[in-house]
Structures are given as structure tokens and as C-alpha cells.
Amino acid sequence: MKAHGGVLVGQAHQRLSDGLRGWLQASFDGVYMVADRGSLIEGAHRLQPELVVVDLAFAEGNVAALLADLHSQAPHSPALLLSDYDDATIDAAALAAGAAGVVHKASLAADLPAAVEAVLAGRPYTSPPGAH
């Protein structure tokens, strides 16, 4: 896979953040990590990353508001959500709210490369149901 520009990752859990950084460094020139929603929004504005990877928990129950905030600050940065849920209804709602893709954390290692490739190519992505 060719190297892409920067990716901004919003993830509060250190171990998962470390794993994401390792996986994404192979594909992106810069991997920028933040641990809270405010830093995510500010980072998106400042960095204008090629991709935003964000934990669904950052939505605090309102995915549409999170995605609207990201889009207003970085309109050309698609958002790939990381979800604790293996639920097609939640995935569909996230896509309808403006997410470029949804990856289930249970299958993150297997699905992340395909998800990044699809989203950067302009195709929506959701983890296959029950893939883990």
C-alpha cells in the first residue's frame, strides 16, 4: 500500500492507541494521536488529515453531532469510526450520519487495512457482521 499523508486517531485507551499507531504507521506519513473529543476537533482543524479514525465513544451518544463537528473543521477528511458494537443498525446509522466507514473493534486487526483502503478510495466500509 502506498504511503498516504496524515491520519488523526481519536482513541482514549492507551493500549489500543499504541496498536492503532503501529498498524497505521505502515500506511501514513504521519500518525497523530489524541485522547479526547476536544483535542480531536482541534487536531482535525489544525492538521486537515487525509483520514480521521475515531472511537465511537467520542460521540457521547450523538454520532451526527460529532461527525458534523469534524466535517466543519476538516471538510475533506473522511471519518472512520471504531465501534464496540457488532450491530448492522448502528453501522447504518453511523453511515447515514456521515461516517465514511465503521470498523468493529472485535475484528479491528483483520478489518482495518481494508477499511482504510475503501474509505480513502471513496467507498463506504462496514465490518462484516460476525466477522470475529
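Trainee: How many helices and strands does the protein chain have?

Mentor: The protein chain has five helices and six strands; these are DSSP runs (H or I of at least four residues for helices, E of at least two for strands), numbered from the N terminus. Along the sequence they follow the pattern β-α-β-α-β-α-β-α-β-α-β. This is a predicted model, in which local features need pLDDT of at least 70, side-chain atom pairs count only at pLDDT 80 or more, and totals for chains, interfaces and linings use all residues. Residues are numbered from 1 along each chain as its sequence is written, and side-chain values use heavy atoms, with hydrogens and water left out.

Trainee: What radius of gyration does the protein chain have?

Mentor: The radius of gyration is taken over C-alpha atoms, and the globule rule is 2.2 Å times the number of residues to the power 0.38. For 132 residues a compact globule would have a value near 14 Å, and the 13 Å of the protein chain agrees with this. Its C-alpha atoms fill a box of roughly 35 × 30 × 30 Å along the principal axes.

Trainee: How should the packing of helices H2 and H3 be read?

Mentor: Two packed helices are described by the angle between their axes and the distance between the axes. The axes are lines fitted to C-alpha atoms over the stretch in contact, with angles from 0 to 180 degrees between N-to-C directions. Helix H2 (residues 37–47) and helix H3 (residues 63–73) pack at about 30°, their axes 7 Å apart. H2 is therefore roughly parallel to H3 (under 35 degrees is roughly parallel, over 145 roughly antiparallel, 65 to 115 roughly perpendicular, and the rest oblique). Contact (heavy atoms within 4.5 Å) involves Arg37, Leu40, Ile41, Ala44 and His45 of H2 with Ala65, Leu66, Asp69, Leu70 and Gln73 of H3.

Trainee: At what angle do H1 and H5 pack?

Mentor: Helix H1 (residues 14–25) and helix H5 (residues 108–120) pack at about 45°, with 11 Å between their axes, which makes H1 oblique to H5. Leu16, Leu20, Trp23 and Leu24 of H1 meet Leu108, Ala109, Leu112 and Val116 of H5.

Trainee: Which residue caps the N-terminal end of helix H4?

Mentor: Aspartate 87 caps helix H4 (residues 88–96), placing a side-chain oxygen 2.8 Å from the backbone nitrogen of threonine 89. After H4 comes glycine 98, with a positive phi near 120°.

Notes
A polar contact is a pair of N or O atoms within 3.5 Å; within protein, one must be able to donate a hydrogen and the other to accept it, and residues adjacent in sequence count only if both atoms are side-chain atoms.
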